[in-house]
Amino acid sequence: MRIRPVGAHALLLDCTEAPPGGATGPDVAAQVEAWRAELWRRREAGELTAVDIVPAATTVLLDGVPDAAATAARIAAWAPRPAAAAATAPQVEVPVTYDGEDLPAVAGHWGVEVPTVVRRLRETQFRVAFCGFAPGFAYLTGLPPELAVPRLPTPRPRV
């Protein structure tokens with residue numbers, strides 16, 4: 001994990017650098033969650049002053065730290081608890097209609113029929129890793145790596 005200053009009163013913890021033992025790939029999401037939970041715990045215990053703790057795909061932003069250099073030095077000496085300990089949130093079922101224009105492309109990429117795509121997605125337990133730029137847009141983790149689908153060559157102007 002690498003800590004970088006972001007302005008005078010913020011720090012960015014970058015979890016993409018592999019810790020000893022070599023955690024990479026899907027383990028980055030677990031590292032982000034472990035650091036988010038550790039930082040929240042330390043803030044609640046009075047060991048950390050930060051206005052906001054914002055997890056993202058591979059980073060955690062701490063905003064509103066009074067002394068960024070001193071805070072970075074303290075954080076560098078901490079080790080987060082395993083992320084699995086934080087997996088006690090209640091399950092929320094979200095109704096989904098599977099009728100998007102991407103279904104045939106995903107089926108083709110996976111080499112299966114559309115109903116199999118729907119079944120696999122329905123059987124996968126996803127977890128909200130962080131919220132995106134648009135209200136209500138959550139980034140999910142939990143899809144097995146072998147089911148990953150590449151991004152579109154160009155973004156759609158309308159979603």
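Reader: What percentage of the 159 residues in the protein chain do buried residues make up?
Author: This is a predicted model, in which local features need pLDDT of at least 70 and side-chain atom pairs count only at pLDDT 80 or more, while totals for chains, interfaces and linings use all residues. Residues are numbered from 1 along each chain as its sequence is written, and side-chain values use heavy atoms, with hydrogens and water left out. A residue is called buried under 20% relative accessible area, exposed over 50% and partly exposed in between, using a 1.4 Å probe and protein chains only. Among the 159 residues in the protein chain, the buried share is 26%.

Reader: Which pattern does the protein chain follow when read along the sequence?
Author: Helices (H or I, at least four residues) and strands (E, at least two) are taken as DSSP runs and numbered from the N terminus. The protein chain holds four helices and six strands. Reading along the sequence, one meets them in the order β-β-α-β-β-α-α-α-β-β.

Reader: Among contacts with a separation of 6 or more, what percentage do residues 24 or more positions apart account for?
Author: A contact requires heavy atoms within 4.5 Å. Once the contacts of the protein chain are restricted to a separation of 6 or more, the share from residues 24 or more positions apart is 48%.

Reader: Which residues does A10 of strand β2 contact, leaving aside neighbours within four places in sequence?
Author: A10 belongs to strand β2, residues 10-14, and it counts as buried because its relative accessibility is 5%. Its C-alpha atom is separated by 9.5 Å from that of T71, although the two are 61 residues apart along the chain. With neighbours within four places in sequence left aside, the contacts of A10 are R4, P5, L61, L62, D63, V65 and A68.

Reader: Which residues does T59 touch, not counting residues up to four places away in sequence?
Author: T59 has its place in strand β4, residues 59-63. Its relative accessibility is 15%, so T59 counts as buried. Not counting residues up to four places away in sequence, T59 touches L12, L13, D14, V32 and V54.

Reader: What is the aromatic pair of F130 and Y139, stacked or edge-to-face?
Author: The structure holds two aromatic pairs, where rings of Phe, Tyr and Trp (its six-membered ring) pair if their centres lie within 6.5 Å, with planes under 30 degrees apart counted as stacked, over 60 as edge-to-face and the rest as tilted. For F130 and Y139 the ring centres are 4.6 Å apart and the planes stand at 15°, so this pair is stacked.

Reader: Which residues form one aromatic cluster?
Author: F130 is buried at a relative accessible area of 15%, whereas Y139 is partly exposed at 33%. The rings of F137 and Y139 have centres 5.1 Å apart and planes at 70°, so that pair is edge-to-face. F137 is partly exposed, with a relative accessible area of 40%. The residues of the one aromatic cluster are F130, F137 and Y139.

Reader: How are α3 and α4 oriented to each other?
Author: Helix α3 (residues 103-110) and helix α4 (residues 114-123) pack with their axes 8 Å apart and at an angle of about 90°, where axes are lines fitted to C-alpha atoms, for helices over the stretch in contact, and angles run from 0 to 180 degrees between N-to-C directions. Angles under 35 degrees count as roughly parallel, over 145 as roughly antiparallel, 65 to 115 as roughly perpendicular and the rest as oblique. The orientation of α3 and α4 is therefore roughly perpendicular.

Reader: How do the residues of the contact of α3 with α4 divide into nonpolar, polar and charged?
Author: From α3 the contact takes L103, P104, V106, A107 and W110, and from α4 it takes V114, V117, V118, R120 and L121. Ala, Val, Leu, Ile, Met, Phe, Trp, Tyr, Cys and Pro count as nonpolar, Asp, Glu, Lys and Arg as charged, and the others, Gly among them, as polar. The residues of this contact divide into nine nonpolar, no polar and one charged.
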